[in-house]
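Thanks for passing this one along. Here are my notes, set out as numbered points so you can follow them with the structure open.

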Amino acid sequence: MTGLPAVLLAACAALLALASPLLAGDPDMLQDFCVAHYKSLEGPLRLNGFPCKRPENVTANDFFSDVLSRPGNTSNPVGSAVKMANVEKVSGLNTLGVSMSRVDYAPWGLNPPHTHPRATEIIYVLEGSLDVAFVTTGGNLYARTVCKGGLFVFPRGLVHYQKNTGGAPAVAISAFNSQLPGTQSLAMALFGASPPVPTDVLVRALQIDGGVVEAIKSKFAPMN
Ligand code: GLV
Ligand code: MN
């Protein structure tokens with residue numbers, strides 16, 4: 001190998017090493033904590049995240065929540081309910097790069113296909129057993145059953161779902177490497193957007209007829 005390519009390779013490796021922490025998840029913190037001061041957002045100030053509360057006004061309660069203590073209502077068409085403990089619910093999470101959720105499943109209930117654009121998810125089955133899966137960008141499905149006590153990982157940004165395999169309720173807890181992972185449901189994005197995705201786009205993309213698209217749209221209330 002001549003000198004020049006070796007220098008170029010070393011420069012690329014150094015750039016990748018520098019870039020990788022930025023690509024891994026939320027940005028790194030610059031102080032012990034930055035408890036979200038939600039009220040600041042009422043003014044003209046807009047930030048990537050939330051501004052910090054003054055430290056003298058921070059209490060232990062800013063780092064506490066019981067939002068995951070009670071089951072969600074699973075009486076809905078899919079038979080599941082997700083509760084998020086993210087920075088919108090727990091102000092102390094601001095800048096810390098982590099959050100959690102609780103998912104309750106009715107018997108045979110489904111947490112429908114969705115993605116988290118900003119986080120990898122690790123799910124732990126507290127009760128029952130789940131059929132879980134994700135699909136790679138190359139179209140490969142990775143699926144298996146996870147019983148009580150087991151965990152499974154959904155890589156950042158990939159479409160995934162869980163289905164209760166049993167006739168009894170199931171419960172899972174998930175952790176995310178983002179204070180606000182974002183959740184985009186595939187069905188809602190395509191059929192519940194506001195203003196709607198044009199029917200002819202969906203007819204062509206999904207190779208189904210317009211009547212079917214309209215029938216599906218009627219089941220999904222617009223998100224906004
Ligand atoms: C489960 O997939 C969740 O996002 O809570
Ligand atoms: Mn998820």
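The points below go from the overall fold to the ligand site.

1. Please keep in mind that this is a predicted model. The chain has 224 residues, and 31% of them count as buried.

2. For orientation, the chain contains four helices and ten strands. Going along the sequence, the order is α-β-β-β-β-β-β-β-β-β-β-α-α-α, so you can trace one helix, then the run of strands, then the closing helices.

3. Next, the ligand site. Ligand 1 occupies the largest pocket. Its shell is made up of Val82, Ser101, Val103, Asn111, His114, His116, Glu121, His160, Gln162 and Phe176. Sorted by class, that shell comprises six polar, three nonpolar and one charged residues.

4. Which strands each supply at least two residues of the shell around ligand 1? They are strand 2 (99-105), strand 3 (110-115) and strand 8 (159-164).

5. Three side chains are worth a look for their polar contacts. In serine 101, a side-chain N or O atom is 2.8 Å from an oxygen atom of ligand 1. Histidine 116 also places a polar side-chain atom 2.8 Å from an oxygen atom of the ligand. For asparagine 111, the distance from a side-chain N or O atom to a ligand oxygen is 3.3 Å.

6. Along with those contacts comes extensive cover: ligand 1 taken alone exposes 190 Å², and the protein buries 98% of that area.

Technical notes
Residues numbered from 1 in each chain as written. Chains lettered and ligands numbered in written order. Predicted model: local features only at pLDDT ≥ 70, side-chain atom pairs only at ≥ 80, totals over all residues. Heavy atoms only, no water. Near = heavy atom within 4 Å. Polar contact = N/O pair within 3.5 Å; in protein donor to acceptor, adjacent residues only side chain to side chain. Areas by Shrake-Rupley, 256 points an atom, 1.4 Å probe, with all protein chains shown as cover. 1 Å grid on protein atoms, 1.4 Å probe; cavity = no way out; pocket = protein on both sides within 12 Å on 5 of 7 lines; lining within 4 Å. Sits in = over half its atoms within 2 Å of the grid points. Nonpolar A, V, L, I, M, F, W, Y, C, P; charged D, E, K, R; others polar. Buried < 20%, exposed > 50% of the residue type's maximum accessible area, 1.4 Å probe, protein only.
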